Each structure stands twice: as C-alpha cells, then as structure tokens.
Amino acid sequence: MAVRGKAMVTLPTLVRAMRRRTSNHMPSNQPLPSLRRAFSLYDQINLIDNVPEDQIRFKQVTDTGFGVKGVHYEGSLLCVGNLLMSWHPKKLSEVTPESLSIFQTVRPVPEILLLGCGKYIQPVNPELRAFIRSTGMKLEAVDSRNAASTYNILNEEGRIVAAALLPYGVES
C-alpha cells in the first residue's frame with residue numbers, strides 16, 4: 001500500500017511535468033502523428049513473391065506479346081486457370097464465338113473472362129457478348145495490360161478465371 005500511496009502523490013507532479021515538456025515542443029492545437037501505418041500487417045505480407053511454381057503470372061506485356069515465367073510469348077494468348085495457349089486472333093474484330101468455343105467445354109466454367117483488347121478498351125460485338133454470357137461467364141473488356149494484371153490478382157486469389165489477350169500494340 002505504501003508504494004501505491006507514493007505513486008498517487010507522484011502522479012500529479014509527473015503529469016504536470018509532461019504537460020510542460022509537451023507544450024515547449026509542440027503547439028497544443030497540432031494533432032499527434034498517426035501510428036496507424038507503423039503497425040500495419042500489410043508490411044509483413046507479400047503475396048506477389050509467393051506465387052506457386054505451377055501458377056501463371058504475367059510479368060511483362062509488350063506491343064507484340066507477353067512475358068510469363070521468364071518466357072516471352074509472341075502474339076495473342078488464351079489462359080484458363082493455369083493453362084496457357086497460343087490464340088489466333090490478331091485484332092478484336094477477329095475475336096468471335098468460334099475463337100472462344102473452348103469455353104463451351106471447359107469445366108469448371110471460369111467465373112469471368114478478361115478480354116484484353118490491346119492498347120485501348122474497345123466495344124465488344126453484341127453477338128460475342130451474348131455467347132460469353134451463354135457459357136455462364138461474366139465479361140470484362142479492358143486494355144491488355146490491365147487484363148493481364150487483373151488475371152494475376154484473381155488467379156493468385158484462387159478464383160477460376162480466364163483471359164483472352166491481344167498484344168498491347170493492337171489498336172483496332
């Protein structure tokens with residue numbers, strides 16, 4: 001009890017001393033710096049560097065092709081899960097239901113098809129959009145860089161995703 005009594009007598013003196021010290025160094029109307037960032041768990045987690053060996057991950061998108069696992073693939077690519085295939089369309093007008101007919105047989109059906117249109121986002125033919133919807137997939141048409149990046153993220157999350165990618169240099 002003696003220690004507690006001594007602490008109770010010393011505490012007000014300590015608080016007054018700290019207030020004087022604080023007022024000399026920092027104006028009282030200035031907020032204290034946030035420590036929120038200092039204790040973030042995100043600093044300790046890096047999913048990007050812990051990708052399984054068998055998982056496709058686009059590392060490079062060029063005007064003529066794509067870099068995957070240290071290999072540069074020329075031309076268009078079709079990706080389903082962790083399978084990578086060469087794909088014949090060279091521009092968006094050549095992307096047809098026939099060029100995507102593999103999705104009539106692939107099981108499980110990917111939840112989304114990322115269509116990389118090349119350098120710019122372009123409108124998708126209504127017939128093609130209807131075909132993709134008939135397979136049970138959703139369609140996201142974006143430029144090829146964003147399509148490859150989104151594919152990486154969704155695939156790393158373990159989602160069933162597909163991508164039909166035209167090289168970035170394609171403009172029409």
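Accessible areas, as used here, come from the Shrake-Rupley method with a 1.4 Å probe. On that basis the protein, which is a predicted model, exposes about 11,600 Å², and carbon and sulfur atoms supply 57% of this area. Turning from the surface to the interior, buried residues make up 35% of the 172 residues in the protein.

The overall arrangement may be considered next. The protein contains three helices and eight strands. Followed along the sequence, these elements give the pattern α-β-β-β-β-β-β-α-β-α-β. Of the contacts between residues at least 6 apart in sequence, 65% join residues at least 24 apart. The cores and salt bridges described below supply particular cases for the reader to locate.

The largest nonpolar core has 22 residues. Within this core, the residues with the most contacts are Trp 87, Leu 100, Phe 103, Leu 113, Leu 115 and Ile 132. Several elements each supply at least two residues of the core, namely the strands β4 (76–80), β6, β7 (138–142) and β8, together with helix α2 (126–134). Helix α2 gives the most, with three residues. Phe 103 offers a useful point from which to view the surroundings. Leaving aside residues up to four places away in sequence, Phe 103 touches Leu 78, Val 80, Pro 110, Leu 113, Thr 135, Met 137 and Ala 162. Apart from this largest core lies another core, of 18 residues, among them Ile 56, Ile 112, Leu 114 and Leu 165.

Charged side chains provide a further kind of connection. The model has three salt bridges. One of them joins Glu 156 to Arg 57, with the closest N and O atoms 3.3 Å apart. Glu 156 lies in helix α3 (residues 144–156) and Arg 57 in the loop between α1 (2–25) and β1 (58–61), so this salt bridge ties together parts that are 99 residues apart in sequence. The two partners also differ in their exposure. Arg 57 has a relative accessibility of 16% and therefore counts as buried, the cut-off for that class being under 20%. Glu 156, with a relative accessible area of 23%, is partly exposed.

A second salt bridge is formed between the side chains of Glu 111 and Arg 159, at 2.7 Å from N to O. This pair also links distant parts of the chain: Glu 111 is in the loop between β5 (83–87) and β6 (112–116), whereas Arg 159 is in the loop between α3 and β8 (161–165), 48 residues apart. Glu 111 is partly exposed at 34% relative accessibility, and Arg 159 is partly exposed at 35%. Arg 159 also forms a salt bridge with Glu 157, where the closest N and O atoms are 3.5 Å apart. Glu 111, Glu 157 and Arg 159 are thus linked in a network of salt bridges.

The account closes by returning to the surface. There, Leu 11, Leu 14, Val 15 and Met 18 make a nonpolar patch of about 350 Å². Leu 11 is found in helix α1. With a relative accessibility of 45%, Leu 11 counts as partly exposed, because that class covers values between the buried limit of under 20% and the exposed limit of over 50%.

Note on methods. Residues are numbered from 1 along each chain as its sequence is written. This is a predicted model: local features need pLDDT of at least 70, side-chain atom pairs count only at pLDDT 80 or more; totals for chains, interfaces and linings use all residues. Side-chain values use heavy atoms; hydrogens and water are left out. A salt bridge is a side-chain nitrogen of Lys or Arg within 4 Å of a carboxyl oxygen of Asp or Glu. Helices (H or I, at least four residues) and strands (E, at least two) are DSSP runs, numbered from the N terminus. Buried means under 20% relative accessible area, exposed over 50%, partly exposed in between (1.4 Å probe, protein chains only). A nonpolar core is a set of buried Ala, Val, Leu, Ile, Met, Phe, Trp, Tyr and Cys residues joined through side-chain atoms within 4.5 Å. Contact means heavy atoms within 4.5 Å. Patches are made of residues with over 30% relative accessible area and no salt bridge: like charges are joined within 9 Å, nonpolar side chains (Val, Leu, Ile, Met, Phe, Trp, Tyr) within 5 Å.
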